[in-house]
Amino acid sequence: MQAIKALIQKEFLIDYKDRQVWMSVFLYVLATNYVVYQSFHKVKDAEVWNALLWVIILFAAFNVISRSYDQERGDREIYLYTLASPQQVILAKMMYHSIFMVLVTFFSFLIYSFFLPFPSAIGMDTGLYLIGLIGGAIGLSTTLGLVSAIAWKTKGGAGMVAILGLPIIIPMLLAIIRYSEGVLNGMSWMVLDRYAYSLLLLIALGASLGYMLFPYIWKE
Amino acid sequence: MEKLIRQSWWKISGILVLAGALLFAMKTPLSPGILSIEKVEQAEQTLSFELIGYNSHFMTSNGLQVWIQNDAHSYCSKDLEIIDDSHLLIGIDLPEILPSNLFSVVLNDDIDGTLASLDGIFIKGNVEPSDGNGKCYEQVKLTEHGYFSMPYRTILYETIRNLNFHVPMWFAMIFLTLFSFVTAILYLVKSDPRYDDMTVAAIHVAMLFAICGLSTGALWARFTWGAFWTDDPQLNGAAISTLIYLAYFMLRRSVNDPDKRARLSAVYAIFAFIMFYVFLKVIPSMAEFSLHPDTTDNPSFKDYDIEGKLKIVFRTATAGWIILSFWIFSLRYRLLTIERKRLDHE
Amino acid sequence: MNKMLLLIFMLFFSLFISAQGNVMEEYMYSSGKIWVAISVLFLILLLIFMYLWKMDKKIGRMEDEFNS
């Protein structure tokens, strides 16, 4: 447990030292939101509003997680082998990315609502919507965690993460979008629980498969 | 396993099983059913309509009776005119107050058995849910038709025969991907390159069957649901699973070192199979609406296949297709083995 | 040779496809015509089987040549 905390701290410090990574992600989010605003100006439908938001967050997630193994090239890779077990590494990475993705998601949501106002409906439960945002962010980061680990070992780079990751992300994204759309339309938990459960199932699967399979990617 | 792959007894028997099952599938007639109710005319207290049957034997049967029914209320036909084997003209006396506006039309004779068109006729009139005074149903003796036939289903009609093509192809794909899952795990445990060859060959052939399954499904959908593709959870799951396995080949192509390639693709194959199973079976069972049979509220084929005749043909056909898929897989695997041995010797 | 046979069979089959107006009428084909569909299906199955069999023998020969 200590090792995991230390690894998360290491990830954070590496990114902090070179804050350019964070800046580029936030700039990307800002630019995408602005482009969407200019293209649409006003979104009347709650469904379209929600879907656009999640597409932006999806691409931000790809942006973030493609870079996750950039630091682990060459000598640093070997050094990391001696430091911690593979399970600890993958758990630390997933946790760090979950936290970071939650922040990026909220940031994106705020900027998006700033340009295109939040369509609140009667009987809408804002708390459920925010939980949806958090759940979606965690889901994206855990699933893409394993995929980016596989892509790390190939020479494909960010393109590889997209090719491997997109088919796997689609059902999860569908569950998230349907859930959020339902919340925006004021539907009750009784109807929406199926989407929340599928999301939880996918997160659990992604995390556990990553945990079990990462050691085989790890060894040289 | 290597020795089994080279033998021909299972290949020939597989083809024979498949050929036999498909012959049965195409040749067995469809059960009789009520195709439509036409020319409904209602005048005061009498109702008349034309009943068109499918594969029915109205002229040669005995004891032909027709009535309309809603729950416990039934009203028998007063006039029954047989035009030919599949056309009937019916006249019914209606009471003044009806128990409901929507009735099912039921037909019974000794060759066709009991046929029904559920909620097939809409009658205008005053409705008062009451005891009703129509009880002619109890005087009728219901029979089953005696010959081997496929179930008759609205929407599908004759295309139900496709059940012996489309579904077994998906079963073959599931079998092969399960096989690849097992060999991928075995590769990670034992590091024997043969298992990597098996995984690749299995996924290759699984993709072939997935494409066949998707195209047969699309054609079937065009003729029954009206469109090649719909927003159905199982279709989405199938398409995404095909994409996942196609990405597997992209992954293999991007790594040069054979050991690393085998290891990474084994990891991805394991991940892909679990996701494939979840997307194809688990997520659609949680969906709200689907057109596919046997999901959400739709009745499965089992509900209509009372005597279990469809099941026999279907299971035989599935076995035949799976054996065929395994044969194609074995050929591919042997080719890969030869290539690997040739590389090793150089 | 095989392709010619397949072509002839397909042309033969196409003689039975006429422009059906009413959807209902399509369902009511006479059971005699089902033999056309069955024979086309069996021809295709036979071709697949022959191709696979040929491949099987060829690979068997390659393996024996390699092992000796």
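Buried residues make up 38% of the 346 residues in chain B. A residue is buried if 20 or more other C-beta atoms lie within 10 Å of its own, exposed if 12 or fewer, and partly exposed in between, with C-beta atoms placed from the backbone. This is a predicted model, in which local features need pLDDT of at least 70, side-chain atom pairs count only at pLDDT 80 or more, and totals for chains, interfaces and linings use all residues. Residues are numbered from 1 along each chain as its sequence is written, while chains are lettered from A and ligands numbered from 1 in the order in which they are written.

**Chain B overall**

Chain B holds eight helices and seven strands. Helices (H or I, at least four residues) and strands (E, at least two) are DSSP runs, numbered from the N terminus. Of the contacts in chain B with a separation of 6 or more, 72% join residues 24 or more positions apart. A contact here means that two C-beta atoms, placed from the backbone, lie within 7 Å.

Chain B is divided into domain 1 (2–27 + 156–345) and domain 2 (33–139). These bounds come from an automatic or database domain assignment. The C-alpha centres of domain 1 and domain 2 of chain B lie 46 Å apart.

Chain B averages a pLDDT of 84, and 90% of the residues score at least 70. pLDDT is the predictor's confidence in each residue, from 0 to 100. Among the elements of chain B, helix 3 (residues 166–190) has the highest mean pLDDT, 94, and helix 7 (residues 301–304) the lowest, 62.

**Helix 2 of chain B**

Helix 2 of chain B runs over residues 9–27. At 1.5 Å a residue, its 19 residues should span 27 Å, and its end C-alpha atoms are 27 Å apart, which agrees. The expected span is 1.5 Å times one less than the number of residues.

The buried residues of this helix are Lys11(B), Gly14(B), Ile15(B), Val17(B), Leu18(B), Ala21(B), Leu22(B) and Ala25(B). They cover an arc of only 160 degrees around the axis, so they sit on the same side of helix 2 of chain B. The arc is that of the directions from the helix axis to the C-beta atoms. What covers these buried residues includes helix 8 (309–345) of chain B together with helix 3 of chain C.

**Chain C against chain B**

The contact takes 18 residues from chain C and 19 residues from chain B. Helix 2 (23–27) and helix 3 (34–67) of chain C each supply at least two residues of the side of chain C that touches chain B. Helix 3 of chain C gives the largest share of that side, 15 residues. The side of chain C divides into 14 nonpolar, two polar and two charged residues. Ala, Val, Leu, Ile, Met, Phe, Trp, Tyr, Cys and Pro count as nonpolar, Asp, Glu, Lys and Arg as charged, and the others, Gly among them, as polar.

Ile38(C) lies in helix 3 of chain C. Not counting residues up to four places away in sequence, Ile38(C) touches Leu23(B), Met26(B) and Lys27(B).

**Chain B against chain A**

This contact takes 24 residues from chain B and 22 residues from chain A. Helix 5 (233–253) and helix 6 (258–285) of chain B each supply at least two residues of the side of chain B that touches chain A. The largest share of that side, 13 residues, comes from helix 6 of chain B. The side of chain B divides into 20 nonpolar, two polar and two charged residues.

**Single residues**

Asn62(B) lies in the loop between strand 2 (46–54) and strand 3 (65–70) of chain B. Asn62(B) touches Asp109(B) and Asp110(B), not counting residues up to four places away in sequence. Asn62(B) and Leu343(B) are 281 residues apart in sequence and 75 Å apart in space, C-alpha to C-alpha.

His41(A) is not a glycine, yet has a positive phi of about 60 degrees. His41(A) is found in the loop between helix 2 (20–40) and helix 3 (46–66) of chain A. Ser191(B), also other than glycine, has a positive phi near 55 degrees. Ser191(B) is placed in the loop between helix 3 and helix 4 (193–224) of chain B.

The table gives the exposure of these residues.

| Residue | Other C-beta atoms within 10 Å | Class |
|---|---|---|
| Asn62(B) | 7 C-beta atoms | exposed |
| His41(A) | 9 C-beta atoms | exposed |
| Ser191(B) | 13 C-beta atoms | partly exposed |
| Ile38(C) | 15 C-beta atoms | partly exposed |
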